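Open the model in your viewer and keep the selection panel at hand. The stops below go one selection at a time.

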Amino acid sequence: NPKGTVLAIAGDMDLAPEAISARPEIQGALTGKEHSGFWPQSNGVLQVVTVPIAIGLNRPELLGTLTLGFRLDDQLAEQLKRVTESDIAFAVDGQIKASTLPARDRAQLASLLNAKGVQTVSFGDSQYVALARPLSSTPGPAVLILRSRTERLRFLNAIHTGLAAMAVI
């Protein structure tokens with residue numbers, strides 16, 4: 001409504017209605033301008049856009065705001081992994097909230113968020129190259145893209161074996 005009170009919610013949210021009303025995206029939209037942001041959730045990051053709803057042309061009356069969003073979660077990370085052949089992790093506020101890698105690796109993934117450029121990291125017996133990219137111009141939300149060097153170089157073992165066999169023959 002015009003005061004920012006939540007009137008309806010559809011879908012799962014970790015935030016209480018009072019906390020949603022206090023979010024800067026909601027408060028900004030109440031001033032008449034569109035705002036967007038990223039809200040941390042327990043199992044992902046919610047990317048939202050909030051727009052003011054008004055009627056009237058000469059002197060518009062603000063009726064409230066409409067906020068829509070979608071979740072960057074483990075399921076979306078898995079879909080992106082299939083398309084990009086890369087492991088994906090979504091982070092906000094320095095914490096990994098969703099990833100294609102196991103939950104036990106999230107602390108190590110979080111340490112890569114502030115790294116500049118491409119980094120090399122190992123998880124178990126697999127080695128990856130990782131690149132962190134911001135999701136917005138504001139600090140906080142980011143995506144980590146990880147390519148398995150172990151998987152990419154595995155085909156070299158077959159080539160080496162084939163070359164060795166040919167050399168012996």
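Select alanine 89 and serine 99: serine 99, in E5, is the bridge partner of alanine 89. The model is predicted, so local features need pLDDT of at least 70, side-chain atom pairs count only at pLDDT 80 or more, and totals for chains, interfaces and linings use all residues. Residues are numbered from 1 along each chain as its sequence is written, and side-chain values use heavy atoms, with hydrogens and water left out.

**The sheet**

Extend the selection to strand E4 (residues 87-92) and E5, which pair in the antiparallel sense over 4 bridges. Strands (E, at least two residues) and helices (H or I, at least four) are DSSP runs, numbered from the N terminus. Two strands pair if DSSP finds at least two bridges between them.

Now show the whole sheet. It is open, with 5 strands in the order E5-E4-E8-E7-E6 and antiparallel pairing. Strand E5 (95-99) and strand E6 (119-123) stand at the edges. Each has a single partner strand, so one side of each is left without a neighbour in the sheet. From one strand to the next, the twist averages 35 degrees.

Add H3, which packs on the sheet and touches E4, E5 and strand E8 (142-148). Contact here means heavy atoms within 4.5 Å. The direction of H3 makes about 145 degrees with that of E4. Axes are lines fitted to C-alpha atoms, for helices over the stretch in contact, and angles run from 0 to 180 degrees between N-to-C directions.

**The salt bridges**

How many salt bridges are there? The count comes to 3, taking a side-chain nitrogen of Lys or Arg within 4 Å of a carboxyl oxygen of Asp or Glu.

Select arginine 106 and aspartate 74: their side chains meet at 3.1 Å, N to O. Arginine 106 lies in helix H4 (residues 106-110) and aspartate 74 in helix H3 (residues 74-84), so the pair ties together parts 32 residues apart in sequence. Aspartate 74 is partly exposed, at 34% relative accessible area. Buried means under 20%, exposed over 50%, partly exposed in between (1.4 Å probe, protein chains only).

Next, pick lysine 81 and aspartate 87, whose closest N and O atoms are 3.1 Å apart. Lysine 81 is partly exposed, at 29%. Aspartate 87 is buried, at 7%.

Then go to glutamate 25 and arginine 23, joined by a salt bridge at 3.5 Å, N to O. Both residues, glutamate 25 and arginine 23, are buried.

**Last stop**

Select valine 168, in helix H5 (residues 149-168). Valine 168 is exposed, with a relative accessible area of 73%.
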